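Grab a pencil and work through these exercises with the model open beside you. Try each task before you read its solution.

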Amino acid sequence: MEYVDLLRWLHVIGATILLGTGTGIAFFMTMAHRTRRPDLIAHVAGTVVIADMLFTATAAVIQPVTGWLLAHAVGWPLSEGWIALSLILYVVIGLFWLPVVRIQMTLRDLAMAAARSGIPLPPRYHALYRIWFTCGFPAFAAMLGIVWLMTAKPRFALF
(Lines give C-alpha, C1' and ligand atoms only; values in the text may rest on other atoms or scores of the structure.)
Protein backbone atom coordinates (compact mmCIF):
# COMPACT_ATOMS: atom_id res chain seq x y z
CA MET A 1 0.00 0.00 0.00
CA GLU A 2 1.35 3.39 -0.95
CA TYR A 3 1.75 6.19 1.58
CA VAL A 4 -1.15 8.27 0.19
CA ASP A 5 -3.41 5.22 0.08
CA LEU A 6 -2.55 4.40 3.70
CA LEU A 7 -3.28 7.97 4.78
CA ARG A 8 -6.57 7.99 2.89
CA TRP A 9 -7.55 4.65 4.46
CA LEU A 10 -6.67 5.86 7.97
CA HIS A 11 -8.61 9.08 7.37
CA VAL A 12 -11.69 7.18 6.19
CA ILE A 13 -11.45 4.77 9.14
CA GLY A 14 -11.22 7.73 11.52
CA ALA A 15 -14.28 9.38 9.96
CA THR A 16 -16.17 6.10 10.15
CA ILE A 17 -15.31 5.72 13.83
CA LEU A 18 -16.37 9.30 14.60
CA LEU A 19 -19.66 9.01 12.74
CA GLY A 20 -20.41 5.48 13.93
CA THR A 21 -19.47 5.99 17.56
CA GLY A 22 -21.35 9.27 17.73
CA THR A 23 -24.47 7.74 16.22
CA GLY A 24 -24.24 4.67 18.47
CA ILE A 25 -23.72 6.75 21.60
CA ALA A 26 -26.70 8.94 20.75
CA PHE A 27 -28.89 5.91 20.12
CA PHE A 28 -27.97 4.02 23.28
CA MET A 29 -28.13 7.07 25.55
CA THR A 30 -31.53 8.01 24.14
CA MET A 31 -32.89 4.48 24.52
CA ALA A 32 -31.60 4.28 28.10
CA HIS A 33 -33.07 7.69 28.91
CA ARG A 34 -36.46 6.62 27.64
CA THR A 35 -36.62 3.88 30.29
CA ARG A 36 -36.33 6.48 33.07
CA ARG A 37 -34.50 3.79 35.07
CA PRO A 38 -31.58 5.39 36.91
CA ASP A 39 -29.69 2.06 37.21
CA LEU A 40 -29.88 1.37 33.48
CA ILE A 41 -29.07 4.98 32.56
CA ALA A 42 -26.06 4.94 34.90
CA HIS A 43 -24.76 1.74 33.31
CA VAL A 44 -25.25 2.91 29.72
CA ALA A 45 -23.88 6.39 30.43
CA GLY A 46 -20.81 4.81 32.04
CA THR A 47 -20.23 2.72 28.93
CA VAL A 48 -20.81 5.74 26.70
CA VAL A 49 -18.20 7.78 28.57
CA ILE A 50 -15.66 4.97 28.09
CA ALA A 51 -16.53 4.65 24.38
CA ASP A 52 -16.18 8.40 23.90
CA MET A 53 -12.76 8.43 25.56
CA LEU A 54 -11.51 5.30 23.83
CA PHE A 55 -12.90 5.65 20.32
CA THR A 56 -14.16 9.19 19.72
CA ALA A 57 -11.28 11.01 21.38
CA THR A 58 -8.68 8.84 19.64
CA ALA A 59 -10.29 9.31 16.23
CA ALA A 60 -10.77 13.03 16.90
CA VAL A 61 -7.00 13.40 17.35
CA ILE A 62 -6.09 11.15 14.42
CA GLN A 63 -8.45 12.87 11.94
CA PRO A 64 -6.70 16.24 11.69
CA VAL A 65 -3.28 14.57 11.65
CA THR A 66 -4.13 12.18 8.80
CA GLY A 67 -6.05 14.97 7.03
CA TRP A 68 -3.10 17.34 7.15
CA LEU A 69 -0.64 14.64 6.06
CA LEU A 70 -2.95 13.57 3.24
CA ALA A 71 -3.52 17.13 2.02
CA HIS A 72 0.23 17.77 2.13
CA ALA A 73 1.05 14.52 0.30
CA VAL A 74 -1.51 15.15 -2.45
CA GLY A 75 -0.75 18.87 -2.74
CA TRP A 76 -4.07 20.28 -1.59
CA PRO A 77 -3.73 23.62 0.19
CA LEU A 78 -5.67 23.84 3.47
CA SER A 79 -7.19 27.04 2.07
CA GLU A 80 -8.97 25.00 -0.62
CA GLY A 81 -12.68 25.78 -0.11
CA TRP A 82 -13.92 22.29 0.75
CA ILE A 83 -10.95 21.65 3.08
CA ALA A 84 -11.26 25.02 4.84
CA LEU A 85 -15.00 24.55 5.35
CA SER A 86 -14.37 21.01 6.62
CA LEU A 87 -11.91 22.38 9.17
CA ILE A 88 -14.41 25.00 10.31
CA LEU A 89 -17.11 22.33 10.68
CA TYR A 90 -14.64 20.15 12.58
CA VAL A 91 -14.14 22.97 15.10
CA VAL A 92 -17.93 23.34 15.36
CA ILE A 93 -18.21 19.63 16.15
CA GLY A 94 -15.55 20.00 18.83
CA LEU A 95 -17.36 22.95 20.37
CA PHE A 96 -20.44 20.77 20.80
CA TRP A 97 -18.65 17.52 21.64
CA LEU A 98 -16.44 18.76 24.49
CA PRO A 99 -19.35 19.97 26.67
CA VAL A 100 -21.32 16.83 25.75
CA VAL A 101 -18.60 14.59 27.17
CA ARG A 102 -18.76 16.47 30.46
CA ILE A 103 -22.56 16.35 30.42
CA GLN A 104 -22.44 12.56 29.84
CA MET A 105 -20.27 12.18 32.92
CA THR A 106 -22.68 14.28 34.97
CA LEU A 107 -25.69 12.35 33.65
CA ARG A 108 -23.94 9.12 34.66
CA ASP A 109 -23.18 10.46 38.14
CA LEU A 110 -26.71 11.80 38.68
CA ALA A 111 -28.22 8.50 37.53
CA MET A 112 -25.85 6.54 39.79
CA ALA A 113 -26.81 8.67 42.79
CA ALA A 114 -30.51 8.25 42.03
CA ALA A 115 -30.11 4.48 41.59
CA ARG A 116 -28.20 4.16 44.90
CA SER A 117 -30.79 6.24 46.74
CA GLY A 118 -33.79 4.61 45.08
CA ILE A 119 -35.16 7.99 44.02
CA PRO A 120 -36.27 9.27 40.60
CA LEU A 121 -33.89 11.16 38.38
CA PRO A 122 -33.54 14.76 39.58
CA PRO A 123 -34.67 17.79 37.53
CA ARG A 124 -31.00 18.64 36.86
CA TYR A 125 -30.60 15.30 35.06
CA HIS A 126 -33.53 16.11 32.74
CA ALA A 127 -32.27 19.64 32.05
CA LEU A 128 -28.78 18.36 31.20
CA TYR A 129 -30.19 15.58 29.06
CA ARG A 130 -32.12 18.13 26.97
CA ILE A 131 -28.88 20.10 26.43
CA TRP A 132 -27.02 16.87 25.58
CA PHE A 133 -29.72 15.85 23.11
CA THR A 134 -29.90 19.30 21.50
CA CYS A 135 -26.12 19.52 21.04
CA GLY A 136 -26.20 16.35 18.97
CA PHE A 137 -28.12 17.85 16.06
CA PRO A 138 -25.65 20.55 14.93
CA ALA A 139 -22.69 18.25 15.61
CA PHE A 140 -24.23 15.42 13.57
CA ALA A 141 -25.20 17.81 10.75
CA ALA A 142 -21.64 19.18 10.70
CA MET A 143 -20.23 15.64 10.57
CA LEU A 144 -22.48 14.77 7.63
CA GLY A 145 -21.40 18.00 5.97
CA ILE A 146 -17.74 17.07 6.36
CA VAL A 147 -18.32 13.59 4.92
CA TRP A 148 -20.06 15.16 1.93
CA LEU A 149 -17.28 17.73 1.46
CA MET A 150 -14.59 15.06 1.69
CA THR A 151 -16.28 12.82 -0.87
CA ALA A 152 -17.63 15.45 -3.30
CA LYS A 153 -14.67 17.87 -3.03
CA PRO A 154 -16.70 20.73 -4.52
CA ARG A 155 -14.70 23.55 -5.98
CA PHE A 156 -15.37 26.93 -4.35
CA ALA A 157 -13.45 29.69 -2.64
CA LEU A 158 -14.18 30.23 1.02
CA PHE A 159 -11.80 33.09 1.60
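**Exercise 1.** Find which residues Leu121 is in contact with, leaving aside its neighbours within four places in sequence.

*Solution.* Step one: contact means heavy atoms within 4.5 Å. Step two: skip the neighbours within four places, and you're left with Arg36, Pro38, Ile41, Ala111, Ala114 and His126 as the contacts of Leu121.

Before you go on, a word on the ground rules: this is a predicted model, where local features need pLDDT of at least 70 and side-chain atom pairs count only at pLDDT 80 or more, while totals for chains, interfaces and linings use all residues. Residues are numbered from 1 along each chain as its sequence is written, and side-chain values use heavy atoms, with hydrogens and water left out.

**Exercise 2.** Work out how many residues the largest nonpolar core has, and which helices supply at least two residues of this core.

*Solution.* First, the term: a nonpolar core is a set of buried Ala, Val, Leu, Ile, Met, Phe, Trp, Tyr and Cys residues joined through side-chain atoms within 4.5 Å. Buried means under 20% relative accessible area, exposed over 50%, and partly exposed in between (1.4 Å probe, protein chains only). Next, the count: the largest core has 21 residues, and Leu121 is among those with the most contacts inside it, as are Ile41 and Trp132. Then the helices, which are DSSP runs (H or I, at least four residues) numbered from the N terminus: H1 (3–35), H2 (38–74), H3 (81–117) and H4 (123–152) each supply at least two residues of this core. Finally, there's a second, separate core of eleven residues, including Trp82 and Met143.

**Exercise 3.** Check whether the span of H2 agrees or disagrees with its 37 residues.

*Solution.* The expected span is 1.5 Å times one less than the number of residues. For the 37 residues of H2 that should give 54 Å, and the end C-alpha atoms are 50 Å apart, which agrees. Now look along the helix: H2 bends by about 35 degrees at Asp52 (the angle between axes fitted to the seven residues ending there and the seven starting there).

**Exercise 4.** Decide whether Arg36 is buried or exposed, and what sign its phi has.

*Solution.* Start with the place: Arg36 sits in the loop between H1 and H2. Its relative accessibility is 52%, so Arg36 counts as exposed. Its phi is near 60 degrees, a positive value in a residue other than glycine. Keep in mind that most residues other than glycine have a negative phi.
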